[in-house]
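Colleague: Please take a close look at one part of this model. Start from a single loop residue and work outward from there.

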Amino acid sequence: MTWMCDQVLETIKRHGLECDPKAFHVLFLGLTEPETDIARELRRLEGAGAPLTTRTVAFLYETYIQGSVEADRHKSVVHSSQARTRAISQSAGTTSDLITHLMTCAEAQPDDTALRHTTLQLRSELEQHLGNILAQADALDGELRAYQAELFTDALTGVPNRRFLEAELPARLSAADLSLHIALIDIDHFKKINDAHGHVIGDHAIRVVARLIQTHLRPQDVLCRYGGEEFCVLFYNTEPAECLSLLETIRSDIARRTIYHNRTGQSFGPMTISAGLARSQPGDDLETALQRADAQMYAAKSTGRNRISA
C-alpha cells in the first residue's frame with residue numbers, strides 16, 4: 001500500500017498536479033484497479049501522449065467517481081419519492097371510493113336525518129380536498145420524472161449520458177430474449193482539435209458528432225455519451241451486417257463534413273471517427289460487454305483510424 005501511495009505521489013509530481021484528494025483518488029484507482037474504466041482512460045491518455053492536467057483529472061473524477069456516487073444517491077431519492085407519490089395516489093383513490101360509499105349510505109337515509117343532511121353538505125368540500133391532493137401528487141410525479149430525465153441526460157449534447165448507460169445496459173444484458181450489439185465511437189485526434197481551436201470549438205465538435213450519429217440511428221437504437229469525445233450505441237435485435245452498415249453511414253457522413261461554429265466564425269475539417277462493434281455474450285456484465293467493444297475500437301485506431309472494426 002505504501003508503495004502504491006508513493007507511485008501516486010510520483011505521478012502527481014511528474015505531471016505538475018496539485019496533490020489534492022481528487023487527483024490522489026483518480027490516480028490511486030488507476031494504479032490499483034487496472035480493469036476499471038478510469039484506469040483504461042488514463043492508459044488511453046498516456047498512449048495518446050496527452051498531458052495529465054488539472055482539468056483532465058477533474059473531468060475523470062466527475063465522470064467516473066463523483067458522478068457515479070451522486071447518480072446512485074439521486075436515483076435512490078427519485079425512486080423512493082416516486083414510490084411515495086404512487087402510495088399517495090393509491091390512498092387518494094381508496095378515499096374516493098370510501099366517500100362514494102358514504103354518500104350512497106347517506107342518500108339512503110330518510111330526508112330529515114341529521115347524518116344525511118351533514119354528509120351531503122360535506123360532499124363537495126371532501127371532493128375538492130381530494131382533488132387537490134391528487135393534483136399535487138400528479139405535479140410532484142411530473143417534477144420527479146423531469147428530474148430523472150435531467151439526471152440521465154448529457155448537458156453538452158442532450159443525449160443520454162453515462163449514468164443512463166450504467167442503468168440501462170445491465171437490464172438489457174439480463175434480458176434472455178434480446179440480441180444486443182454495442183458500438184463504441186471515438187472522435188479521432190480530438191486533442192489536436194482542442195489544441196488548435198480551443199475547448200469551445202471542441203465542445204461544438206462533440207455536439208455536432210452527437211447530432212450526426214443520432215440522425216442515422218433508428219428509433220430502437222440508443223445513443224449515449226460515454227465520456228469525453230466517446231459515444232456508445234446500443235443496437236437491439238439487429239443483425240451484425242446492419243449494425244456495420246449504420247456505423248459506416250455515420251462514419252462516412254462525419255468524414256465529409258466541414259464543421260462550422262456560427263458564433264466564432266471558425267471552421268475546420270474533415271473530422272473522422274473510429275468505432276468498434278461487439279455482440280454481448282451470455283454472462284456478460286456491464287464492464288465485460290463494454291470491454292469487448294472497447295477492444296474493437298482500439299483495433300480500428302491502431303490500424304489507421306477513420307474506420308469500423310468488428
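Modeller: Asn237 lies in the loop between strand 3 and helix 9. A caveat before going on: this is a predicted model. Asn237 has a phi near 50°, positive although the residue is not glycine. Is Asn237 buried or exposed? Asn237 is exposed, because its relative accessible area is 52%, and the cut-off for exposed is over 50%.

A second residue makes a useful comparison. His189 sits in the loop between strand 1 and helix 7. Its phi is also near 50°, again a positive value in a residue other than glycine. His189 is partly exposed, with a relative accessible area of 39%.

Now the sheet. It is open and has 5 strands, in the order 2-3-1-6-7, with mixed pairing. Strand 2 and strand 7 (308-309) are the edge strands, and each pairs on one side only. Strands of a sheet pair through backbone hydrogen bonds, either parallel or antiparallel. Strand 2 and strand 3 run antiparallel, joined by 5 bridges. Along that pairing, Arg225 stands opposite Phe231 in strand 3. Strand 3 also pairs with strand 1, again antiparallel, over 7 bridges. There, Leu184 faces Cys232 of strand 3. On to strand 6: strand 1 and strand 6 pair in the antiparallel sense, with 7 bridges. Ile187 stands opposite Ile273 in strand 6.

Strand 1 deserves its own look. 8 of its 8 residues are buried, so the strand is largely enclosed by the rest of the structure. Which residues point which way? Leu180, Ile182, Leu184 and Asp186 point one way. His181, Ala183, Ile185 and Ile187 point the other way. Both sets are buried.

Take Ile187, which belongs to strand 1. It is buried, with a relative accessible area of 1%; the cut-off for buried is under 20%. Beyond its sequence neighbours up to four places away, Ile187 touches Ile193, Ile206, Val209, Glu229, Met271, Thr272, Ile273 and Lys301. Asn306 is 119 residues from Ile187 in sequence, yet their C-alpha atoms are 8.9 Å apart in space.

Next, the packing around the sheet. The largest nonpolar core has 30 residues, and Ile213, Phe235 and Met271 have the most contacts inside it. Strand 1, helix 7, helix 8, strand 3 (230-236), helix 9 (240-255) and strand 6 (273-279) each supply at least two of its residues. Helix 8 gives the most, with 8 residues. Met271 is also one of the residues that Ile187 touches.

What does Ile213 touch? Leaving out residues up to four places away, Ile213 touches Ile185, Leu223, Phe231, Val233, Ile250 and Ile254. Two of those names have come up before: Ile185 is on strand 1, and Phe231 is opposite Arg225.

Leu212 comes just before Ile213 in numbering, and Leu212 is found in helix 8. Leu212 is buried, with a relative accessible area of 8%. Its contacts, again not counting residues up to four places away, are Asp253, Ile254 and Arg257. Leu212 and Ile254 are 42 residues apart along the chain, and their C-alpha atoms are separated by 7.1 Å. Ile254 is therefore a shared contact: Leu212 touches it, as does Ile213, with contact meaning heavy atoms within 4.5 Å.

Last, the pocket. The largest pocket has a volume of about 970 Å³. It is lined by 36 residues, and Arg44, Leu45, Phe190, Asn194 and Glu229 lie nearest its centre. Glu229 also touches Ile187. Several elements each supply at least two lining residues. Among them are helix 3 (37-47), helix 4 (54-107) and helix 10 (286-302). Strand 1 (180-187), strand 2 (222-227), helix 7 (190-197) and helix 8 (199-216) contribute in that way too. By class, the lining has 13 nonpolar, 9 polar and 14 charged residues.

To tie this together: strand 1 pairs with strand 3 and with strand 6. Strand 1, helix 7 and helix 8 each supply at least two residues of the nonpolar core, and each also supplies at least two residues of the pocket lining.

Notes: Residues numbered from 1 in each chain as written. Predicted model: local features only at pLDDT ≥ 70, side-chain atom pairs only at ≥ 80, totals over all residues. Heavy atoms only, no water. 1 Å grid on protein atoms, 1.4 Å probe; cavity = no way out; pocket = protein on both sides within 12 Å on 5 of 7 lines; lining within 4 Å. Points joined across faces, edges and corners; volume = space filled by probe spheres on them. Helix = DSSP H or I, 4+ residues; strand = E, 2+ residues; numbered from the N terminus. Nonpolar A, V, L, I, M, F, W, Y, C, P; charged D, E, K, R; others polar. Core = buried A, V, L, I, M, F, W, Y, C linked by side-chain atoms within 4.5 Å. Buried < 20%, exposed > 50% of the residue type's maximum accessible area, 1.4 Å probe, protein only. Pairing = 2+ DSSP bridges.
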